[in-house]
Amino acid sequence: CIRDRANIEGNHEFSFFVVDNNVINAFALPGGFIGVHTGLLEATRNEDELAGVLAHEVAHVTQRHIARRIHANQRQSILSTAIMLGAILAGAAGGGGDVMQGAIAVAQGSAAQQQINFTRSNEYEADRVGISALAAAGFDPQGMGSFFEVMSRGTTPIEQRLPEFLRTHPVSSARIAEARGRARSYQPVHTTDSVNYGIARARLVVASQETAEDAVSYFERERYEYQSDEERYGRAVAYLRAGRNVEANRIFEELANKDPEVIAYHIGLADSQMALEAVAEAMETFARGQELFPRNLPLTIHHAEALLQIDQADRAHEM
C-alpha cells in the first residue's frame with residue numbers, strides 16, 4: 001500500500017493508495033480515502049485516463065455521495081419496513097397471502113429502483129465535477145470519457161466477466177457521449193505522460209506476467225532503439241527478474257546517465273549491480289542516490305535490503 005496525502009479545495013483531505021490487485025477497479029471510502037487497484041493502472045493507456053479515474057473518485061467525496069448514500073439507505077430501509085409491516089397487518093386482517101407477498105415485492109422493488117436511481121445520479125455528478133477538476137489540473141478533460149470507452153469496448157455482456165469497475169461504475173453509451181461532450185466545452189489540452197507514470201506502469205506489467213520469460217517477451221516485442229525510456233526501463237526490470245543481469249545492468253546504467261533525476265533508474269542500477277555481486281559499485285550507486293534524493297522511501301528500502309544481503313544489519317536497521 002502506497003499512500004499520498006493531499007488537501008483539495010481547502011477543506012478535504014485525501015489519502016491515495018494503491019492496492020496490489022489485478023482486478024480493474026478504483027473506489028472512494030469515507031474520510032477521503034481513494035484506492036486504485038494495480039489492475040486499473042495497468043489498464044489505462046495514458047496518464048490522462050488515470051487522472052480521469054482519480055478525478056471521478058475525488059468528486060464522489062467532495063459531493064458527499066458516500067454520506068448521502070448511507071442516509072438514503074437508512075430512509076429507504078424505514079420505508080421498506082413500513083410497507084412490509086403494512087403487508088403483515090393487511091394479511092392478518094384477511095387480505096390473504098397474495099396481498100402480503102405483493103406488498104413485500106413492492107418494497108423490495110422500490111428499494112432496488114431507488115438504489116439504481118441514486119447510483120446513476122451520483123455517477124453523472126461525479127463525471128461532471130471530475131471533468132472540471134481534470135481540466136483545472138492541466139490534464140486532458142477527455143481522459144475520463146476515453147477510459148470509460150476503453151472499458152466498455154473490452155467487456156462482454158456476461159455480468160460475471162465484467163471488470164469490477166463497471167459493476168460499481170456502470171457505463172452506458174449515453175454516459176460516455178455526455179462525458180465526451182462535456183470535455184469538448186474545455187480548451188483542448190495536449191499532455192505528455194510523466195516519467196513516473198510510465199515507470200510505475202512498466203513495473204506493473206513485469207509483475208503481472210506469469211513467468212519471467214513472459215515479462216521479457218512482452219518488452220522484446222519492439223526493437224530496443226524504437227522504445228521509450230520507460231519501456232526500456234521495463235525491459236531492464238524484466239531482464240533482472242529473468243536473471244539476465246548483465247543486460248539489465250547495461251540498460252539501467254544507460255538510463256541513469258541519460259536522466260540522473262529519475263530515482264528509479266538509480267535503484268535499478270544498484271539492484272543490478274548487487275545481482276552481479278558488484279557490491280562496492282552498488283554501495284556507491286546507493287550513496288550517490290541518497291545524496292541526490294535524501295530520505296526517499298523506495299531508495300532507502302532498496303539500500304537497506306542491499307545492506308542486509310551483505311550482513312550489515314546494524315547499518316540497515318539504523319537506516
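**Exercise 1. Aspartate 311**

Decide whether aspartate 311 is buried or exposed, and say where this residue sits.

*Solution.* The model is predicted.
Step 1: take the relative accessible area of aspartate 311, which is 72%.
Step 2: compare with the cut-off. Exposed means over 50%.
Step 3: conclude. Aspartate 311 is therefore exposed.
Step 4: place the residue. Aspartate 311 is in the loop between helix 14 and helix 15 (313–318).
Step 5: check the backbone. Most residues other than glycine have a negative phi. Aspartate 311 is not a glycine, yet its phi is positive, about 60 degrees.

**Exercise 2. Glutamate 277**

Find what follows helix 12, and state whether glutamate 277 is buried or exposed.

*Solution.*
Step 1: go past the end of helix 12. Glutamate 277 follows.
Step 2: place this residue. Glutamate 277 belongs to the loop between helix 12 and helix 13.
Step 3: read the backbone angle. The phi of glutamate 277 is positive, about 65 degrees, although the residue is not a glycine.
Step 4: read the accessibility. Glutamate 277 has a relative accessible area of 69%, so this residue is exposed.

**Exercise 3. The span and cover of helix 12**

Test whether the span of helix 12 (residues 263–275) agrees with 1.5 Å a residue, and work out how many of its residues are buried.

*Solution.*
Step 1: get the expected span. The 13 residues of helix 12 should span 18 Å. The rule multiplies 1.5 Å by one less than the number of residues.
Step 2: compare with the model. The end C-alpha atoms of helix 12 are 19 Å apart, which agrees.
Step 3: count the buried residues. In helix 12, 10 of 13 residues are buried, so the helix is mostly covered.
Step 4: name some. Among them are Tyr265, His266, Ile267, Leu269 and Met274.
Step 5: find the partners. The buried residues of helix 12 pack against helix 8, helix 10 (229–241), helix 11 (245–258), helix 13 (279–292) and helix 14 (297–309).

**Exercise 4. Helix 8 against helix 9**

Describe how helix 8 (residues 195–208) and helix 9 (residues 212–219) pack.

*Solution.*
Step 1: recall what is needed. Two packed helices are described by the angle between their axes and the distance between the axes.
Step 2: give both values. Helix 8 and helix 9 pack at about 135 degrees, with axes 8 Å apart.
Step 3: classify the angle. Over 145 degrees counts as roughly antiparallel, and 65 to 115 as roughly perpendicular. Helix 8 and helix 9 are therefore oblique to each other.
Step 4: list the contact. Helix 8 gives Arg201, Ala202, Val205 and Val206, and helix 9 gives Ala215, Tyr218 and Phe219.
Step 5: sort by class. The contact of helix 8 with helix 9 has six nonpolar, no polar and one charged residues.

**Exercise 5. Helix 8 and its surroundings**

Compare the reach of helix 8 with expectation, and find what covers its buried residues.

*Solution.*
Step 1: helix 8 has 14 residues and reaches 20 Å from its first C-alpha to its last. That is close to the expected 20 Å.
Step 2: the buried residues of helix 8 are Tyr197, Gly198, Ile199, Ala202, Leu204, Val205 and Val206.
Step 3: their cover includes helix 1 (38–43), helix 2 (47–62), helix 9, helix 10 and helix 12.
Step 4: look at the loop between helix 8 and helix 9. Threonine 211 lies there. At 31% relative accessible area, threonine 211 is partly exposed.
Step 5: add a pair apart in sequence. Threonine 211 and arginine 241 are 30 residues apart along the chain, with 9.0 Å between their C-alpha atoms.

**Exercise 6. Two buried residues**

Locate phenylalanine 14 and glutamine 142, and justify calling each of them buried.

*Solution.*
Step 1: phenylalanine 14 lies in strand 2 (residues 12–19). Its relative accessible area is 0%, so phenylalanine 14 is buried.
Step 2: phenylalanine 14 and valine 58 are 44 residues apart in sequence and 8.2 Å apart in space, C-alpha to C-alpha.
Step 3: glutamine 142 is in the loop between helix 4 (97–136) and helix 5 (143–153).
Step 4: the cut-off for buried is under 20%. Glutamine 142 counts as buried because its relative accessibility is 18%.
Step 5: beyond neighbours within four places in sequence, glutamine 142 is in contact with Arg180, Ala183 and Arg184.

**Exercise 7. The whole chain**

Summarise the secondary structure and the confidence of the model.

*Solution.*
Step 1: the chain has 15 helices and four strands.
Step 2: of its 319 residues, 39% are buried.
Step 3: the mean pLDDT is 83, and 74% of the residues reach 70 or more.
Step 4: flag the weak stretches. pLDDT stays under 50 over residues 1–5. pLDDT also stays under 50 over residues 110–118.

Note on methods
Residues are numbered from 1 along each chain as its sequence is written. This is a predicted model: local features need pLDDT of at least 70, side-chain atom pairs count only at pLDDT 80 or more; totals for chains, interfaces and linings use all residues. Side-chain values use heavy atoms; hydrogens and water are left out. Axes are lines fitted to C-alpha atoms, for helices over the stretch in contact, and angles run from 0 to 180 degrees between N-to-C directions. Angles under 35 degrees count as roughly parallel, over 145 as roughly antiparallel, 65 to 115 as roughly perpendicular and the rest as oblique. Contact means heavy atoms within 4.5 Å. Ala, Val, Leu, Ile, Met, Phe, Trp, Tyr, Cys and Pro count as nonpolar, Asp, Glu, Lys and Arg as charged, and the others, Gly among them, as polar. Buried means under 20% relative accessible area, exposed over 50%, partly exposed in between (1.4 Å probe, protein chains only). pLDDT is the predictor's confidence in each residue, from 0 to 100.
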